[in-house]
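Please find below a colleague's note on the structure, arranged as numbered points. Each point takes up one residue or one group of residues.

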Amino acid sequence: AVHTLLQGKHDPEIMVALGPQSRRFIKLGQFYQLIEAQGQGQAGPLLVNGRANIAYILDENGAPWAVLAYWSPDCGDWFVNVSSVAHLHGWHAGSQVLSQVA
């Protein structure tokens, strides 16, 4: 499922709004497949306008991470970054969050 942030929010607020833990996390491989399918910045479920596509992913120890991917029209490439949800990173309105379907 794809959710658009209507206002800026921090990771904990977003994660709570996504609902139960079974919905809020996706697999890294799922996120990678979406990025790969839009590998040249073509239209699809991910934003390709420079805004963040955010996925919450559990690592092998069960720790949650915010994984950000954004398409840079200037560079013609995807950029991916990972941050701890403990850092209370804030995301801008217009960014997208991915989750499991209800």
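**Notes on the predicted model**

1. Ala69 is a residue of strand β4, in what is a predicted model. With a relative accessibility of 0%, Ala69 counts as buried, and, once neighbours within four places in sequence are left aside, Ala69 is in contact with Phe31, Ile35, Arg51, Ala52, Asn53, Trp78, Phe79 and Val80. Along the chain Ala69 and Val48 are 21 residues apart, and their C-alpha atoms are separated by 9.6 Å.

2. The aromatic residues deserve a separate point, since the structure holds 2 aromatic pairs. In one of them, Tyr70 with Phe79, the ring centres are 5.6 Å apart and the planes stand at 20°, so this pair is stacked. Both partners are partly exposed, because the relative accessibility of Tyr70 is 30% and the relative accessible area of Phe79 is 33%. The pair of Trp71 and Trp78 has its ring centres 5.8 Å apart and its planes at 65°, and is therefore edge-to-face. Here the partners are buried, Trp71 at 7% relative accessibility and Trp78 with a relative accessible area of 11%.

3. Which residues of the largest nonpolar core touch the most other members? This core has 13 residues, and the ones in question are Ile14, Ile54, Tyr56, Trp91 and Val97. The elements that contribute two or more residues to this core are α1 (11-17), β3 (53-58) and β4 (64-72). For Ile54, the contacts beyond four places in sequence are Val67, Trp91, Ser95, Gln96, Val97 and Leu98. Another core lies apart from the largest one; it has 11 residues, and Ile26, Ile35, Ile57 and Leu98 are among them. As general background, nonpolar side chains tend to be buried together in soluble globular proteins.

4. Is Leu46 buried or exposed? Leu46 has a relative accessible area of 3% and is therefore buried, although its place is in the loop between α3 (28-37) and β3. Apart from neighbours within four places in sequence, Leu46 is in contact with Phe31, Leu34, Ile35, Gln38, Asn53, Trp78, Gln96 and Leu98. Leu46 and Gln7, which are 39 residues apart in sequence, have their C-alpha atoms 18 Å apart in space.

5. Gln96 belongs to strand β7 (residues 96-98) and, at 7% relative accessibility, counts as buried. What does the side chain of Gln96 make a polar contact with? The partner is the side chain of Asn53, at 3.1 Å. Leaving out residues within four places in sequence, Gln96 is in contact with Val2, His3, Thr4, Pro45, Leu46, Leu47, Ala52, Asn53 and Ile54, and the contact with Leu46 appears likewise in the list for that residue.

6. Arg24 may merit a closer look by the reader. Arg24 sits in helix α2 (residues 21-24) and is buried without a salt bridge, the nearest side chain of opposite charge being that of Asp11, 11 Å away. A polar atom of the Arg24 side chain does, however, lie 2.6 Å from the backbone oxygen of Gly19. When residues up to four places away in sequence are not counted, Arg24 touches Met15, Val16, Leu18, Gly19, Tyr56, Leu98 and Ser99; of these, Tyr56 is also named among the residues that touch the most other members of the largest nonpolar core, while Leu98 is one of the residues of the other core.

7. Where is Leu88 found? Leu88 is in the loop between β5 (77-84) and β6 (90-91), and its phi is positive, at about 55°, although Leu88 is not a glycine.

8. Gly90 lies in strand β6 and counts as partly exposed, with a relative accessibility of 32%. Gly90 and Lys9 are 81 residues apart along the chain, yet their C-alpha atoms are separated by 5.5 Å. Setting aside its neighbours within four places in sequence, Gly90 is in contact with Lys9 and His10.

Key. Residues are numbered from 1 along each chain as its sequence is written. This is a predicted model: local features need pLDDT of at least 70, side-chain atom pairs count only at pLDDT 80 or more; totals for chains, interfaces and linings use all residues. Side-chain values use heavy atoms; hydrogens and water are left out. Helices (H or I, at least four residues) and strands (E, at least two) are DSSP runs, numbered from the N terminus. Buried means under 20% relative accessible area, exposed over 50%, partly exposed in between (1.4 Å probe, protein chains only). Lys and Arg count as positive and Asp and Glu as negative; His and the chain ends are not counted. A salt bridge is a side-chain nitrogen of Lys or Arg within 4 Å of a carboxyl oxygen of Asp or Glu. A polar contact is a pair of N or O atoms within 3.5 Å; within protein, one must be able to donate a hydrogen and the other to accept it, and residues adjacent in sequence count only if both atoms are side-chain atoms. Contact means heavy atoms within 4.5 Å. Rings of Phe, Tyr and Trp (its six-membered ring) pair if their centres lie within 6.5 Å; planes under 30 degrees apart count as stacked, over 60 as edge-to-face and the rest as tilted. A nonpolar core is a set of buried Ala, Val, Leu, Ile, Met, Phe, Trp, Tyr and Cys residues joined through side-chain atoms within 4.5 Å.
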